[in-house]
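Please work through the following exercises on strand pairing, helix packing and salt bridges, with the sequence and the coordinates at hand. Each task is followed by a solution that goes step by step.

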Amino acid sequence: MRYGFVIDHNRCIGCHACTVACKEEHNVPLGVYRTWVKYIEKGEFPDTKRYFGVLRCNHCDHAPCIEICPTAALFRRQDGIVDFDSERCIGCKSCMQACPYDALYIDPGSQTAAKCNFCAHRVEAGLEPACVIVCPEQAIVAGDLDDRAGKIAAIVAQEKVRVRKPEKGTAPKLFYVGIDADLLQPARVAAQPAFLWAEKKPAQGLRARPSGSPAPAPAGAAREVYDVAHPAPWGAKIAAYLWTKSIAAGALLVAAVALALGFEDAKGLLHAVAPAVALLFTAVTSLLLIFDLKRPERFYYLLTKPNLKSWLVLGGYLLVLYGAVASGWLLGALMYGFVPPAVIGSAGVLAAAVACYTAFLFRQAKGRDLWLSPLLFWHLLFQAAAAGAAVLLLCALGLGAGPFVTAALGKALAFALAGNLSLILLEVYVAPHTEEGKQALDLLTRGPWKKAFWIGAVGMGAALPLALLIGSGFAGEGIPAYLAPPVLALAGLWIFEHLWVRAGQAVPLS
């Protein structure tokens with residue numbers, strides 16, 4: 001049994017009856033929607049035409065929201081309905097990033113995720129969903145797709161049907177008849193600064209969607225004339241989390257590599273300061289993740305109700321294990337003046353894992369194409385190395401370490417910055433991207449954030465400190481020679497993370 005929907009847009013009149021019925025049936029608060037109607041227009045006056053699109057959860061057979069949900073609050077029932085348990089939800093908003101269809105929202109009352117659940121309570125009572133019975137044109141058909149004698153199976157078999165974003169591999173069970181293709185590809189539709197009888201708050205501070213460039217869409221392109229709000233789920237806390245995690249992981253990554261290479265000239269710095277920095281920033285990283293939850297008091301559900309397929313859970317375990325090993329490193333150095341090689345080796349491996357697990361988490365965020373880059377794993381590794389080397393270099397300067405130590409850390413920082421800069425340029429000019437990924441990248445390279453990206457993240461944060469380090473010959477005397485590069489590198493990394501998180505969420509999903 002696989003329940004699904006067919007929506008016939010040859011019949012749909014865009015009356016919003018399904019939206020109203022859904023809100024009434026589930027007490028959906030103002031400002032959020034489980035099902036909604038979007039309007040686009042094509043042509044130029046007086047030769048224009050309006051098209052409607054009814055959008056909602058697709059109840060996918062391979063639902064990415066289920067995979068990424070850290071507490072199994074989202075689950076697929078035996079009848080194929082993708083349902084949710086608000087009592088398990090911690091409000092991490094990761095499901096909103098995983099869904100390519102913008103189907104999930106945060107309920108302002110419960111502060112948990114919610115979405116269309118196919119009116120499961122009605123289905124269990126032998127009734128049809130509320131949207132089906134209220135539709136005046138019978139444009140919505142619900143039923144078992146596996147029942148060959150049923151109406152919905154016949155429509156799917158006999159009519160020309162379409163689904164949204166089949167390339168995502170989610171196997172959606174919401175089929176459309178007679179829908180305009182541009183309603184299924186939101187990135188091709190030009191956004192407008194306002195709607196008829198309504199003001200519109202531009203997403204991410206933009207007044208128009210990019211379409212290969214920040215220029216306005218060409219005349220005759222489809223125009224979005226009515227839609228509902230879909231705010232970006234993640235903001236400054238997640239950008240800060242990426243930044244602090246890079247420092248936390250990088251501190252012991254650099255220290256472990258240095259000790260493995262036989263660098264023994266700064267035992268105090270590598271044995272005591274590095275693990276202390278790692279512990280401090282690991283704690284800050286964990287707190288940022290907790291405070292970003294809509295239900296932070298439920299954070300322990302990650303341990304008591306885990307979904308082990310979610311990289312949010314696996315990443316949390318890695319942070320805990322990394323903190324434990326870093327504590328062992330620090331205690332060994334302070335109490336015995338010795339850190340066992342096994343601890344150093346374990347810390348180095350865990351540091352790399354902590355730095356890079358976000359790449360796998362972002363791979364589960366299938367709705368955000370910019371974050372699906374194949375280079376992200378290596379990018380995160382070099383970012384961590386740069387952040388760790390920069391912080392340790394600042395600590396060395398503050399502790400009055402000799403020129404040999406600062407020169408060695410300067411070389412490590414230069415190597416990491418060179419790798420980071422190379423990966424940024426590969427990301428921009430070489431790495432393959434989908435249409436949506438290219439639009440997000442355009443926001444960074446040619447759109448409203450191009451100055452912050454090229455001057456701040458790339459120029460100030462990577463190219464300039466690298467040039468300063470090379471120009472000094474890694475033999476600068478005292479603090480002035482080495483203070484600027486690590487400060488610039490850390491500032492540039494923060495700018496990059498902030499822009500990367502924003503740009504990834506700026507391209508519309510529905």
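**Exercise 1.** In this predicted model, find the bridge partner of Thr35 in E3, and then describe the sheet to which E3 belongs.

*Solution.* Begin with the residue pair: the partner of Thr35 in E3 is Arg56. This pair belongs to the ladder between strand E2, residues 35-44, and E3, where 10 bridges join two strands that run antiparallel. Next, widen the view to the open sheet, whose three strands follow the order E3-E2-E13 with antiparallel pairing. Strand E3 (47-56) and strand E13 (223-226) each have a single partner strand and stand at the edges, so one side of each is left without a neighbour in the sheet. On average, and with direction ignored, neighbouring strands are turned by 35 degrees against each other. Finally, add the helix that packs on this sheet: H1, residues 17-26, touches E2 and E3, and the direction of H1 makes about 160 degrees with that of E2.

**Exercise 2.** Determine how H9 and H13 are oriented to each other, and which residues meet between them.

*Solution.* Start from the geometry: helix H9 (residues 267-291) and helix H13 (residues 376-398) pack at an angle of about 125 degrees, and their axes are 11 Å apart. An angle of this value lies outside the roughly perpendicular range of 65 to 115 and is not over 145, so the pair is classed as oblique. The crossing of H9 and H13 is right-handed. Turning to the side chains, Leu269, Val273, Ala274 and Val277 of H9 meet Val391, Leu392, Cys395 and Ala396 of H13; the residues of this contact divide into eight nonpolar, no polar and no charged.

**Exercise 3.** Carry out the analysis for H8 and H11, giving the angle, the handedness and the contact residues.

*Solution.* Helix H8 (residues 236-260) packs against helix H11 (residues 311-336) at about 50 degrees, with the axes 12 Å apart, which makes H8 oblique to H11. Their crossing is left-handed. On the side of H8 the contact is made by Ala248, Ala249, Leu252, Ala255, Ala256 and Leu259, and on the side of H11 by Tyr322, Ala326 and Trp329. Sorted by character, the contact residues give nine nonpolar, no polar and no charged.

**Exercise 4.** Which residue forms a salt bridge with Asp61, and where in the chain do the two residues lie?

*Solution.* The structure holds 21 salt bridges. In one of them Asp61 is paired with Arg2, and the closest N and O atoms are 3.0 Å apart. To place the pair, note that Asp61 lies in the loop between E3 and helix H2 (64-68), whereas Arg2 lies in the segment before strand E1 (3-8). The two residues are 59 residues apart, and the pair links distant parts of the chain.

Terms used
Residues are numbered from 1 along each chain as its sequence is written. This is a predicted model: local features need pLDDT of at least 70, side-chain atom pairs count only at pLDDT 80 or more; totals for chains, interfaces and linings use all residues. Side-chain values use heavy atoms; hydrogens and water are left out. Two strands pair if DSSP finds at least two bridges between them. Helices (H or I, at least four residues) and strands (E, at least two) are DSSP runs, numbered from the N terminus. Axes are lines fitted to C-alpha atoms, for helices over the stretch in contact, and angles run from 0 to 180 degrees between N-to-C directions. Contact means heavy atoms within 4.5 Å. Angles under 35 degrees count as roughly parallel, over 145 as roughly antiparallel, 65 to 115 as roughly perpendicular and the rest as oblique. A crossing is left-handed if the near helix is turned anticlockwise from the far one by less than a right angle, and right-handed if clockwise. Ala, Val, Leu, Ile, Met, Phe, Trp, Tyr, Cys and Pro count as nonpolar, Asp, Glu, Lys and Arg as charged, and the others, Gly among them, as polar. A salt bridge is a side-chain nitrogen of Lys or Arg within 4 Å of a carboxyl oxygen of Asp or Glu.
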